Amino acid sequence: MNATLVRMPADRLRGWMLAANAQYRLERIEAGETEAEATAKAAQSLAETFPAGRLQVGHLVFEVVLDEAAVGVLWIGPRSTSHPDEWWVWDVEIDESFRGRGLGRQAMQLAETAAEEQGAKTLGLNVFGFNRIARGLYESLGYETMAVQMRKAL
């Protein structure tokens, strides 16, 4: 079972971006931010990565395709304009009914190839602490922890 990447059609990109940003907001709340903090950070992220309703220049959004059916999404691009060879996985998600089949691993390996083809020297990502399955996947692929934020409820 081999997945491939296909550029997301332009007519689906904006709807996907709004849905992904809404999910990002919810994940920030689950990670411990207040609703107001999460809403503000998600809005800021949307404005920066999707300026004027268009994907930031240099970024790529793919559908993860298996047997001609989209089973997930991968979004990669430069982390900043000042370091164009440092790329970032902005989002990767496999549809729930297709998880546990190695497709997330394949998507990440395809992400590495696609980023390298665009001149990337590194590929980074952020993963929330509560997402233990994703953290295990990334560690098994050789991603190293760069920082850890911790908190204790009082």
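**Entry 1: Ala 52**

I began with Ala 52, which counts as exposed because its relative accessibility is 76%, over the 50% that the term requires. I should record at once that the model is a predicted one. I then looked up where Ala 52 sits, and found it in the loop between helix H2 (35-49) and strand E2 (60-66). I also noted its backbone: phi of Ala 52 is near 55°, a positive value in a residue other than glycine.

**Entry 2: Asp 67**

I turned next to Asp 67, whose phi is positive at about 50° although Asp 67 is not a glycine. I located Asp 67 in the loop between E2 and E3. Is Asp 67 buried or exposed? I found a relative accessibility of 71%, so Asp 67 counts as exposed.

**Entry 3: The order of elements**

I then stepped back to the whole chain. I listed 4 helices and 5 strands in the protein. Read from the N terminus, I have the order as β-α-α-β-β-β-α-β-α.

**Entry 4: Overall dimensions**

I asked what radius of gyration the protein has. I found 16 Å, which agrees with the value near 15 Å for a compact globule of 154 residues. I drew a box along the principal axes and noted that the C-alpha atoms fill roughly 50 × 35 × 30 Å.

**Entry 5: Surface, burial and contacts**

I recorded an accessible surface of about 10100 Å² for the protein, with 51% of that surface belonging to carbon and sulfur atoms. Of the 154 residues, I noted that 34% count as buried. I also looked at contacts with a sequence separation of 6 or more, and 55% of these join residues 24 or more positions apart.

**Entry 6: Charges**

I looked up the charged side chains and found 16 positive and 21 negative in the protein. The centres of the two sets lie 5 Å apart.

**Entry 7: Aromatic pairs**

How many aromatic pairs does the structure hold? I found 6 aromatic pairs. One of them joins Trp 16 and Trp 75 edge-to-face, with 5.6 Å from centre to centre and 85° between the planes. I placed Trp 16 in helix H1 (residues 10-30) and Trp 75 in strand E3 (residues 69-80), so this pair ties together parts that lie 59 residues apart in sequence. I checked the exposure of both residues: Trp 16 is buried, and Trp 75 is buried as well. I followed the ring pairs further and found that they link Trp 16, Trp 75, Trp 88 and Trp 90 into a cluster.

**Entry 8: Thr 122**

I moved on to Thr 122, which I found in strand E5 (residues 122-125). Thr 122 has a relative accessible area of 42%, and I therefore entered Thr 122 as partly exposed. Which residues does Thr 122 touch, not counting those up to four places away in sequence? I noted Asp 85, Glu 86 and Trp 87. I also compared positions with Gly 15, 107 residues apart from Thr 122 along the chain, and the two C-alpha atoms are separated by 29 Å.

**Entry 9: Pro 9**

I closed with Pro 9, found in the loop between strand E1 (4-7) and H1. I recorded a relative accessible area of 29% for Pro 9, which is therefore partly exposed. Finally, I looked up its separation from Leu 137: the two residues are 128 residues apart along the chain, and their C-alpha atoms are separated by 28 Å.

Definitions and conventions. Residues numbered from 1 in each chain as written. Predicted model: local features only at pLDDT ≥ 70, side-chain atom pairs only at ≥ 80, totals over all residues. Heavy atoms only, no water. Helix = DSSP H or I, 4+ residues; strand = E, 2+ residues; numbered from the N terminus. Rg over C-alpha atoms; globule rule 2.2 N^0.38 Å. Buried < 20%, exposed > 50% of the residue type's maximum accessible area, 1.4 Å probe, protein only. Contact = heavy atoms within 4.5 Å. Areas by Shrake-Rupley, 256 points an atom, 1.4 Å probe, with all protein chains shown as cover. Lys, Arg positive; Asp, Glu negative; His and termini not counted. Charge placed at Lys NZ, Arg CZ, Asp CG, Glu CD. Phe/Tyr/Trp six-rings, centres within 6.5 Å; stacked < 30°, edge-to-face > 60°.
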